[in-house]
Amino acid sequence: MMNKVLGSRYQLGEMIGTGGMADVYIAQDQRLSREVAVKILRSDLAKDPTFVSRFRKEAKAAAGLNHPGIVAVYDSGEEPAPYIVMELVSGHTLRELIHNGERLPLDRALEIGAGILAALEYSHQRGIVHRDIKPANVMITDKGDVKVMDFGIARAMDDLGATLTSTWNVVGTAQYLSPEQALGEIADAPTDIYSAGCLLYELLTGRPPYTGETPVSIAYQHVSGALTPARQLQADLPESVEVLLTVALAKKPEDRYVSASAMLEDINKIRSGQNISTKVARTPLVSRRTALFTGLAVLAAGAAAIVGLSLSGGSTPSLGNEIPNVVGLSEADARALLTGYTVTIQRAHDPRIPRDRVASQIPLATTQVKKGSAVTLTISDGPGDAIVPDGLVGMSLIDARTALAAAGLVISKTEAAPSDEAQGTVLSVLPEPGSTITAGSGVVLTIASGEVAVPNLIGVEAIQAKTLLIQAGFLVREFNDYDAAQTVGVVIRQAPDPGTTQTIGKPVTITINKAP
């Protein structure tokens, strides 16, 4: 995509990031003469008219947010794929900081939490809920400031019911999922408060509030799991921090902070050494039988949310004549919910669902049927095998991702390498094309960085030197000087030096020997 111009305005430059949802490029806004970041969404999302419509609406709403703690959205478009134009932020994501294993001082962790909440309070007052607060969506600038990003994308993805469909990357998202999201219910401002609480809990203790081997198991814990007290993991935390986290992570939205500003106020009190007076809601006791039944229903709902299935009306499944959703459950748990129905079992490979869990059901969940009707469950035999497709080398990164998805595979990592191919072109693939690997696995792509070695032009005739630079994709800047010891008309100096790498499209300066 190197040198491609979007919207007759944004000239794409170096790729600076890639992920399961989008690729990010530095671009030059030719109208305002400034550098921006352009996020181009996956081609499969671009083909979904429902998503494109939602994306257009939410991108415009996000563009109305003007706050120092929010990465500004300047513009959006849909050709060649949906894209948004954003403020270019120099820094790193909170996800990178967490993955580095760095333990933050208490005040710094609270300061970051305060920055997130200030941004959320501003957006909530304008009727915009993020719905996907997680470390990957929080930037820490080089100056240490906090900036929340991806408001428009998160809302559009959530409205489409697709926030959690990328199962190869979903565990990280599920760790910040609110109970109401796991149940398929309305995600409103309290959802952002809960997710911010999850993030702050991790910053302060070094681990998320709930973990598990599968997204389903994590979703179950958000709804009915007991929260490990933060001070049990970090004994040096003040008691007021424990209260703050307990309120933010309350299971019921009405038991959480009434607003982001209320939580922010408590954080500021803690930072100034004051105690907080916010009350923790009392958790009612339930019988073990009720807890088990509720847990199974919740797990089914969580499974539906995570694999991208919808529940009619956004409510939990009922057990009358409406078939409950059992996708993601073990066979035994599914049968327990399907008491009174005639259950038939079949097995098949499924890259999304762990082995020995229900991958699909017929009739679908919420279908109205008579008691005693037949229900066919397909139990996952695990991902099975997939073959790394041929023809990836030479494709663009977007096309390669589509081809891999069709084969049941994903991109686990991209590595940039100097090449005279267009930026983003696939240069090599690991494992090699034709290899048989587990479906759902990731492959590593080496892609062209858009950089090539600058040729040695010293002593070369001026016309030939210019031709070499143009053929290599560089711009030419020409100066004249005189050196009596050199032949007139040849290059006597160049910058950058020979052999160094330079991004295609950038200038190379040559000084030509010219007699006075």
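Contact here means heavy atoms within 4.5 Å. The model is predicted.

**Exercise 1. Describe the surroundings of E180.** Where does E180 sit, and which residues is E180 in contact with beyond its neighbours within four places in sequence?

*Solution.*
- Step 1: locate the residue. E180 belongs to helix α7, which spans residues 179–182.
- Step 2: classify its exposure. The cut-off for buried is under 20% relative accessible area. E180 has 4%, so E180 is buried.
- Step 3: list the contacts. Neighbours within four places are set aside; E180 then contacts E185, I186, P190, T191, K251, P253 and R256.
- Step 4: look for a polar partner. The side chains of E180 and R256 make a polar contact at 2.8 Å.

**Exercise 2. Map the nonpolar cores.** How many residues has the largest nonpolar core, and which of its residues have the most contacts inside it?

*Solution.*
- Step 1: size the core. The largest nonpolar core has 52 residues. L94, I116, L244 and Y257 have the most contacts inside it.
- Step 2: trace its sources. Elements that each supply at least two residues of this core include helices α3 (94–99), α4 (106–125) and α8 (189–205), along with strands β8 (138–141) and β9 (146–148). Helices α11 (239–248) and α12 (260–271) do likewise.
- Step 3: zoom in on I116. Leaving out residues up to four places away in sequence, I116 touches I133, V138, V146, V148, A196 and L199.
- Step 4: look for a further core. Another core, of 28 residues, lies apart from the largest one. Among its members are I40, A81, V429 and L445.
- Step 5: set this in context. In soluble globular proteins, nonpolar side chains tend to be buried together.

**Exercise 3. Work out the sheet of β19, β20 and β22.** What is the strand order, and which strands stand at the edges?

*Solution.*
- Step 1: read the order. The open sheet has three strands, ordered β19-β22-β20, and its pairing is mixed.
- Step 2: find the edges. β19 (475–481) and β20 (491–495) each have a single partner strand, so one side of each lacks a neighbour in the sheet.
- Step 3: get the turn. On average, neighbouring strands of this sheet are turned by 25 degrees against each other, direction ignored.
- Step 4: check one pair. β19 pairs with β22 (residues 507–513) in the parallel sense, over seven bridges. L475 has P507 as its bridge partner in β22.
- Step 5: add the helix. α16 (residues 462–472) packs on the sheet and touches β19, β20 and β22. The direction of α16 makes about 175 degrees with that of β22.

**Exercise 4. Place A407.** Is A407 buried or partly exposed, and which residues does A407 touch beyond those up to four places away in sequence?

*Solution.*
- Step 1: locate A407. The residue lies in the loop between α15 (397–406) and β14 (410–417).
- Step 2: classify it. Its relative accessibility is 27%, so A407 counts as partly exposed.
- Step 3: list the contacts. With residues up to four places away not counted, A407 touches A386, I387 and P389.
- Step 4: compare sequence with space. A407 and G440 are 33 residues apart in sequence, and their C-alpha atoms are 9.0 Å apart.

**Exercise 5. Judge the confidence.** Which helix has the lowest mean pLDDT among the elements of the chain?

*Solution.*
- Step 1: take the average. The chain averages a pLDDT of 81, and 83% of the residues score at least 70.
- Step 2: find the extremes. Helix α13 (residues 288–306) has the lowest mean, 50, and α11 the highest, 96.
- Step 3: flag the weak stretches. Residues 156–172 stay under 50, yet the model has 41 contacts for them beyond four places in sequence. Residues 289–294 are also below 50, with three contacts beyond near neighbours in sequence.

Methods. Residues numbered from 1 in each chain as written. Predicted model: local features only at pLDDT ≥ 70, side-chain atom pairs only at ≥ 80, totals over all residues. Heavy atoms only, no water. Buried < 20%, exposed > 50% of the residue type's maximum accessible area, 1.4 Å probe, protein only. Polar contact = N/O pair within 3.5 Å; in protein donor to acceptor, adjacent residues only side chain to side chain. Core = buried A, V, L, I, M, F, W, Y, C linked by side-chain atoms within 4.5 Å. pLDDT = per-residue confidence, 0-100. Pairing = 2+ DSSP bridges. Axes fitted to C-alpha atoms, helices over the stretch in contact; angles between N-to-C directions.
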